[in-house]
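Hi everyone, thanks for having me today. Let's put the structure up on the screen and walk through it together.

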Amino acid sequence: MSALLTSRQAEELHKSLIAYLASADHPNAALALRQELDLPESSFDTATTKKYEGLLEKKWTSVVRLQKKIMDLETRCTSLQHELDNATPTSLAARKNHDPATWLPKAPARHTLQSHRAPITSVAFHPLFSSLASASEDYVDYGGPRGNTLLASCSSDLTIKLWDASDEYKNIRTLPGHDHSVSAVRFIPSGAAGAPLSGNLLASASRDKTIRIWDATTGYCLRTLRGHNEWVRSLSPTPEGRFLLSTSSDQTARLWDLSQPDSKALKQTLAAHDHVIETCAIAPASSYNHLAAMAGQKKPPPASSTAEYLATGGRDKLIKLHTSAGVLIKTLTGHDNWIRGLAFHPGGKYLLSCSDDKTIRCWDLSQEGKCVRTLEVAGHFLSCLRWAPSVVKEGDASAGAVNGNGVNGTEKGKGTGQTEQIRCLLACGSVDLNVRVFSA
């Protein structure tokens, strides 16, 4: 008897075999097996035969199903292991040793996502989960009240739409009000001074030359900021939500203090470009040391102070770095076409840009803005760029996790015990209809 089976299991197997042979019209074989096993006929009556009839077939088919499931799981496991091993050009060991604070993307992209049928104009990472939203001829951003992440989109239909990410992305609200195409929409993070409902606030930019601030919960337009003379192209809020940077076809960028009334909200106007300003970004506190040195300042601003340094990119093919006082620090040259997207590295050392010249460029702020890497990643214009928000540990994950604009170092939040873990994850969209994702 096989040592793999107990005596009871062996007895049930024997009876199942005899019942199978009997039901399959092999009485001689069933009789021979019963005699070989020394099972008297009285111990294998009609009731016993009925009990064990079909049992062997059921167990056999169950084994086949389990074998198939095991093979599927082994295939999946092999695929995941291959994915881990190829996370970087070296190996899994090298992947574990990379420093998130200095990691830069390398070509080719880790993933190329194909589904759109028109040029991609915007991408946004979910602040908590491994989800990426992309838009064609629209603009998208994740945010909203704490514990209730929403996706906002805007379009040339003059409206903003809110989608519930926790309920199969159902459209829960439409915000009308702009008089022309809505070109950008950004959630304003929690904690804006003088704005207790800031976790619910949403900013939009439009070709009607205005910026509107909305309550995402009620859908009401709370205020309208006027000052630009042409199409407002892009927006970038600070991590705590007090300041908002905007760019326009009027060749200016404007910094707004949302804690002030409308008449005093405009803090600074930047007029360093000679063409339409397509995009902007606000520097995280982790970059203050490098930018202060570039600006010739003896001491960097405190990390608690936001909107100290700003970056803008335009159709003049230039990237310009400014102080919040309006002083031009540096002009970065190298792109051969319009600048479409900017993103500060959460570690603070680099600024990344994408352009219609089909490249992503990495500028080292510790080397006076030197271009240290150029990635030729697409066959057509690159139209948008976004760095994944950092993951907040030991605290409320919604605090400070703002798409592409959080203070994303590994510092602890003051008085909160929170730490922010940088995600080495970058996405860009292109006119070639593809979204490309770069990861460590």
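Before anything else, one term: a salt bridge here is a side-chain nitrogen of Lys or Arg within 4 Å of a carboxyl oxygen of Asp or Glu. Keep that in mind, and please also remember that what you see is a predicted model.

With that term in hand, here is a group to find on the screen: E278, R315, R340 and D356 are linked in a network of salt bridges. How many salt bridges does a search of the whole structure find? The search finds 12.

Let's step back and look at the whole protein. There are six helices and 28 strands. Of the 440 residues, 48% are buried. Now take the contacts with a separation of 6 or more: 52% of them come from residues 24 or more positions apart. As for the outside, the protein exposes about 21,300 Å², and carbon and sulfur atoms supply 51% of that.

Back to salt bridges, this time as single pairs. The side chains of R223 and D262 meet in one, at 2.7 Å from N to O. This pair links distant parts of the chain, with the two residues 39 residues apart. You'll find R223 in strand 11, residues 221-226, while D262 sits in the loop between strand 14 (253-257) and strand 15 (266-270). Is R223 buried or exposed? R223 counts as buried, because its relative accessibility is 16% and the cut-off for buried is under 20%. D262 has a relative accessibility of 41%, so D262 counts as partly exposed.

A second pair is R254 with D250, whose side chains meet in a salt bridge at 3.8 Å, N to O. Here R254 is buried, and D250 is buried too. A third pair is D432 with R436: their closest N and O atoms are 2.8 Å apart. R436 counts as buried, because its relative accessibility is 10%.

Now for the pocket. How much space lies in the largest pocket? About 850 Å³. Its lining has 41 residues, and T121, Y139, S183, R233 and S383 lie nearest the centre. Several strands take part in that lining. Strand 2 (120-125), strand 8 (182-187), strand 12 (232-237), strand 16 (277-282), strand 20 (339-344) and strand 24 (382-387) each supply at least two of the lining residues. If you have the viewer open, try colouring those strands.

Next, let's visit the surface. Which residues make a nonpolar surface patch of about 290 Å²? They are L4, L5 and L13. L13 lies in helix 1, which covers residues 7-23. With a relative accessible area of 34%, L13 is partly exposed, because partly exposed covers the range between the 20% and 50% cut-offs.

I also want to show you some details of the backbone. What kind of peptide bond joins A107 and P108? A cis one, with omega at about 0°. P108 is in the loop between helix 5 (92-97) and strand 1 (111-114).

Then there are two residues other than glycine with a positive phi. K209 has phi near 75°, and its place is the loop between strand 9 (201-206) and strand 10 (210-215). K209 is partly exposed, with a relative accessible area of 39%. Q251 has phi near 70° and lies in the loop between strand 13 (243-248) and strand 14. Q251 is partly exposed as well, at a relative accessible area of 32%.

My last stop is S166, in the loop between strand 6 (159-164) and strand 7 (170-176). Is S166 buried or exposed? S166 is exposed, because its relative accessible area is 63% and the cut-off for exposed is over 50%. Which residues does S166 contact, leaving aside its neighbours within four places in sequence? The answer is N148 and T149. Along the chain, S166 and T149 are 17 residues apart, and their C-alpha atoms are separated by 7.3 Å.

If you'd like one place to start exploring, go back to the network formed by E278, R315, R340 and D356. Thanks for listening!

Technical notes
Residues numbered from 1 in each chain as written. Predicted model: local features only at pLDDT ≥ 70, side-chain atom pairs only at ≥ 80, totals over all residues. Heavy atoms only, no water. Helix = DSSP H or I, 4+ residues; strand = E, 2+ residues; numbered from the N terminus. Buried < 20%, exposed > 50% of the residue type's maximum accessible area, 1.4 Å probe, protein only. Contact = heavy atoms within 4.5 Å. Areas by Shrake-Rupley, 256 points an atom, 1.4 Å probe, with all protein chains shown as cover. Patch = residues over 30% accessible without salt bridge, like charges linked within 9 Å, V, L, I, M, F, W, Y side chains within 5 Å. 1 Å grid on protein atoms, 1.4 Å probe; cavity = no way out; pocket = protein on both sides within 12 Å on 5 of 7 lines; lining within 4 Å. Points joined across faces, edges and corners; volume = space filled by probe spheres on them.
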